[in-house]
Amino acid sequence: METILLAWNPDRYPWGDFQDELSEIRRSGQVTDRWSVGNRTTLEPGTRFFLIRLGVEPRGLVGSGWTTSAPFEAPHWDLDRAGRGETARYADIHFDVLEEIPIIPMSELTQALLSDAHWSTQMSGIQIPESVASAIESLWVARTSKSKARGMEELEEASETTRHHAMRVYVNRYERSSRARALCLAHHGLKCVCCETVLADVYGSQATELIHVHHLTQLASIPEGAEIDPVHDLRPVCPNCHCVIHTRQPPFTIKEMRAMIADAKQSANKASLSTPVPPRV
């Protein structure tokens with residue numbers, strides 16, 4: 001069976017619940033999502049994929065897994081295009097590896113045999129040449145201790161209940177990129193609820209869409225059949241705060257984050273007041 005490449009460019013697609021999914025895969029070793037597959041109209045469930053992070057550095061392969069459905073259409077991942085009623089083609093996927101920093105950086109992918117694949121694609125779903133896929137698998141198992149065979153065994157061992165629960169949670173997120181995120185931000189605004197930063201005020205309008213959406217309840221803790229309310233269950237947080245929230249298990253609460261930030265500011269103010277002023281000459 002073929003091996004395909006899925007692409008993620010954070011500049012074009014802010015993965016709002018990336019930290020939630022990263023936390024989940026570190027906890028359980030797997031996480032279920034769905035991803036654009038470009039123009040693919042046919043794709044066998046069980047197709048091996050690698051996820052490449054593009055845009056600015058760090059670039060390279062950050063994830064791997066398997067498709068669990070045939071391609072289907074859903075609201076477009078771009079909010080503006082979704083608002084105009086446009087759709088994109090997706091497949092449900094099962095991650096067995098996911099990291100924030102590339103496991104195989106772009107500098108290696110462009111060398112020797114690996115350069116035979118088109119790594120800088122802006123479209124997901126392209127096929128990785130068989131010889132390159134084989135070489136990538138060898139590097140992958142050496143660096144992650146997660147072999148292709150082991151990943152497939154774990155996928156097959158996952159119960160239908162677990163898979164359906166993951167699918168249901170995803171659906172109950174009201175199509176993560178197109179509706180839940182929009183409803184959350186429409187109600188709560190673009191200010192981080194932890195540090196009160198508005199990214200556009202710091203970096204300009206190009207940073208407006210980089211605000212993350214945080215699940216107050218961990219995805220793995222949501223009961224089967226429960227619906228997620230974008231207003232009550234989600235909050236806007238800046239990328240920095242979202243990263244800190246997930247440095248602990250269970251994650252820090254919004255209240256704890258605010259107290260942490262207040263304590264840090266108080267300590268910084270005390271330090272500045274205690275710094276002696278050099279005498280005038």
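In this predicted model, the structure holds 10 salt bridges. Side chains of opposite charge can pair when their charged atoms come close. One of these pairs joins Arg-48 to Glu-137, with 2.8 Å between the closest N and O atoms. Because Arg-48 belongs to strand E3 and Glu-137 to helix H4 (residues 130–144), this salt bridge ties together parts of the chain that are 89 residues apart in sequence. Arg-48 is buried, as its relative accessible area is 1%. Glu-137 is buried too, with a relative accessible area of 14%, a value that falls under the 20% limit for that class.

A second pair links Arg-89 to Glu-73, and here the closest N and O atoms are 3.4 Å apart. Arg-89 sits in strand E6 (residues 87–98) and Glu-73 in strand E5 (residues 72–75), so the bridge connects parts that are 16 residues apart in sequence. Arg-89 is partly exposed at a relative accessible area of 22%, whereas Glu-73, at 52%, is exposed. Salt bridges with shared partners also build one network out of Arg-48, Asp-96 and Glu-137. A further salt bridge brings together the side chains of Glu-57 and Arg-59, at 3.2 Å from N to O. Glu-57 counts as exposed, with 55% relative accessibility, while Arg-59 counts as partly exposed, with 26%.

It helps to set these pairs against the chain as a whole. The chain contains 11 helices and 10 strands, and 44% of its 281 residues count as buried. Among contacts between residues at least 6 apart in sequence, 72% join residues at least 24 apart. The exposed area of the chain comes to about 14500 Å², of which carbon and sulfur atoms supply 53%.

Next to Arg-48 in the sequence comes a residue with a rather different set of partners to look at, Thr-47, found in the loop between strand E2 (31–36) and strand E3 (48–53). Thr-47 counts as buried, because its relative accessibility is 0%. A polar atom of the Thr-47 side chain lies 2.5 Å from the backbone oxygen of Glu-44. Leaving aside residues up to four places away in sequence, Thr-47 touches Met-1, Glu-2 and Ile-4, as well as Gly-65, Trp-66 and Thr-67.

Strand E6 offers another buried polar residue, His-94. The relative accessible area of His-94 is 5%, and its side chain makes a polar contact of 3.2 Å with the side chain of Gln-30.

The nonpolar interior comes next. The largest nonpolar core has 20 residues, and the members that touch the most others are Cys-194, Val-237 and Cys-241. Two or more residues of this core come from each of H7, strand E10 (234–237), helix H10 (239–245) and helix H11 (254–274). For Val-237, the contacts beyond four places in sequence include Cys-192, Val-193 and Cys-194, together with Ile-211, His-212 and His-214. Val-237 also touches His-242, Ile-245 and Ile-254.

Helix H7 (residues 180–188), one of the elements that contribute to this core, has Ala-180, Arg-181, Cys-184 and Leu-185 as buried residues. These four cover an arc of only 120° around the axis, which puts them on the same side of H7. Where, then, are the exposed residues Ala-186 and His-187 on H7? Ala-186 and His-187 lie on the face turned away from the buried side of the helix. Just after H7, Gly-189 takes a positive phi of about 85°.

A last buried site lies in the loop between strand E9 (212–215) and helix H9 (230–233), which is the place of Ile-228. Ile-228 is buried, with a relative accessible area of 5%. The C-alpha atoms of Ile-228 and Thr-217 are 9.5 Å apart in space, and the two residues are 11 apart in sequence.

Technical notes. Residues are numbered from 1 along each chain as its sequence is written. This is a predicted model: local features need pLDDT of at least 70, side-chain atom pairs count only at pLDDT 80 or more; totals for chains, interfaces and linings use all residues. Side-chain values use heavy atoms; hydrogens and water are left out. Buried means under 20% relative accessible area, exposed over 50%, partly exposed in between (1.4 Å probe, protein chains only). The arc is that of the directions from the helix axis to the C-beta atoms. A polar contact is a pair of N or O atoms within 3.5 Å; within protein, one must be able to donate a hydrogen and the other to accept it, and residues adjacent in sequence count only if both atoms are side-chain atoms. Contact means heavy atoms within 4.5 Å. A salt bridge is a side-chain nitrogen of Lys or Arg within 4 Å of a carboxyl oxygen of Asp or Glu. Accessible areas come from the Shrake-Rupley method with a 1.4 Å probe; for residues, only the protein chains shown count as cover. A nonpolar core is a set of buried Ala, Val, Leu, Ile, Met, Phe, Trp, Tyr and Cys residues joined through side-chain atoms within 4.5 Å.
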